[in-house]
Amino acid sequence: MQHLDNQVIAQASDWLTRHPVWLCTVLTTYGSSPRAPGALMVAASDGRYCGSLSGGCVEEDFLQRIASGEYQQASQIVRYGEGGLKPNIALPCGGSLDVLIEYLPATAGNREYVQRMGKALAGHYALDKSLTLPAACDHLALTTYRNSTQVMRDGDCVTLHLAAPPQLLIAGLSNVALYCADFACALGFEVVICECREDVLENFLSALKPEIRLEKQFPARYLEQQGCHANTAIVALTHDPRMDDLTLMEAINTPAFYIGAMGSHRNSARRRERLHTIADFTAQDFARLHAPVGLAIGSKTPAEIALAVMADIVKHKNGIAQENTAA
């Protein structure tokens, strides 16, 4: 299952073979807003759309304005919510958001433009994108890894550093793993679970959401063969030393921004001894390892542990220095 932003770009590319589209990017949010900067939506003149701007608060108004002939410039910015310029409607969730709207006629050049965005997102690359209102985008290029989308505005000049969706790779199914996967999906992560144990699959397979990708492969082998990109968090959540240790031994060779393993302080200390003895982990390797994994919130239940794990992952994804951990 594709991440929502990837689905938006794929749909835009398909529609552009037949008719124009309006590609929308959330630039800035103020107060409460369910969609973060960089979130995408594409719409067609017949009322169809893919993605969202606000989780349902403003899409209907936006589509009505398209149908009435608005938004015909190559690029423009509108504000929805309190204190905004027209269109200005109250968001049920409160707050406001600024949206970049790009009008893309059905041309070969626009299809190529959207396809370049799609390839970057699918490959988990970051993009630099810039334009000067009301003109079309005049710069789109791959850039270095970024953990979140950044927006800069200088008068009519808009520059976006678009980050690809983050990924969570979970080594092994468990109750904690299921909650982590569910939380991660809600947080906009692409989720991959590696599990090859038949008895475990029998117990948990029916509980997996459709958007979660299951790889029936030993986690360490998957990492060895497939690797991962820099916007990936890898967590081992099984309490099975063989699976967890081998996962960590492969994970340390990847550019993942977060590597963690579940266990008590005592078990984590024993794991460190094993990794030092067997895998010759260095001080730099151990500095990347979060074990015990998660923020120290006194978590006891599987859901609480998963919440602590995902909170710590988001904290590091957003570039906030680590403080205490334990779960």
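Which residues of α1 are buried? The views below, all taken from a predicted model, start with that helix.

**View 1. Helix α1 and its buried residues.** Asp5, Asn6, Val8, Ile9, Ala12, Ser13 and Trp15 are the buried residues here. They pack against three strands, β1 (21-30), β2 (40-43) and β3 (49-51), and also against α3 (108-122) and β11. The helix covers residues 4-15, and a quick check on its geometry works out: with 12 residues at 1.5 Å each, the expected span is 16 Å, which agrees with the 16 Å between its end C-alpha atoms.

**View 2. An open, antiparallel sheet of 5 strands.** Reading across, the order is β3-β2-β1-β5-β4. β3 and β4 (75-81) sit at the edges, each pairing on one side only. On average, neighbouring strands are turned by 20° against each other, ignoring direction. Zoom in on β1 and β5 (residues 96-104) and you'll find an antiparallel pairing over 9 bridges. One to pick out: Cys24 has Ile101 of β5 as its bridge partner.

**View 3. Two helices packed on that sheet.** α1 touches β1, β2 and β3, and its direction makes about 25° with that of β2. α3 also packs on the sheet, touching β1, β2 and β5, with its direction at about 130° to that of β5.

**View 4. Leu127 and its surroundings in strand β6.** Strand β6 runs over residues 126-132 and includes Leu127. Is Leu127 buried or exposed? Its relative accessibility is 4%, and buried means under 20%, so Leu127 counts as buried. Setting aside neighbours within four places in sequence, Leu127 is in contact with Met117, Ala120, Leu140, Ala141, Leu142, Thr143, Leu160, His161 and Leu162. Take Ala141: 14 residues separate it from Leu127 in sequence, yet the C-alpha to C-alpha distance is 5.6 Å.

**View 5. Helix α6, with its buried residues on one face.** In this helix (residues 219-226), Pro219, Ala220, Tyr222 and Leu223 are buried. Looking down the axis of α6, these buried residues fall within an arc of 160°, so they line one face of the helix. What do they pack against? The partners are strands β10 (167-171), β11 (190-194), β12 (213-215) and β13 (232-236), plus helix α7 (241-251). Just after α6 comes Gly227, with a positive phi near 65°.

Notes: Residues are numbered from 1 along each chain as its sequence is written. This is a predicted model: local features need pLDDT of at least 70, side-chain atom pairs count only at pLDDT 80 or more; totals for chains, interfaces and linings use all residues. Side-chain values use heavy atoms; hydrogens and water are left out. Buried means under 20% relative accessible area, exposed over 50%, partly exposed in between (1.4 Å probe, protein chains only). Helices (H or I, at least four residues) and strands (E, at least two) are DSSP runs, numbered from the N terminus. The arc is that of the directions from the helix axis to the C-beta atoms. Contact means heavy atoms within 4.5 Å. The expected span of a helix is 1.5 Å times one less than its number of residues. Two strands pair if DSSP finds at least two bridges between them. Axes are lines fitted to C-alpha atoms, for helices over the stretch in contact, and angles run from 0 to 180 degrees between N-to-C directions.
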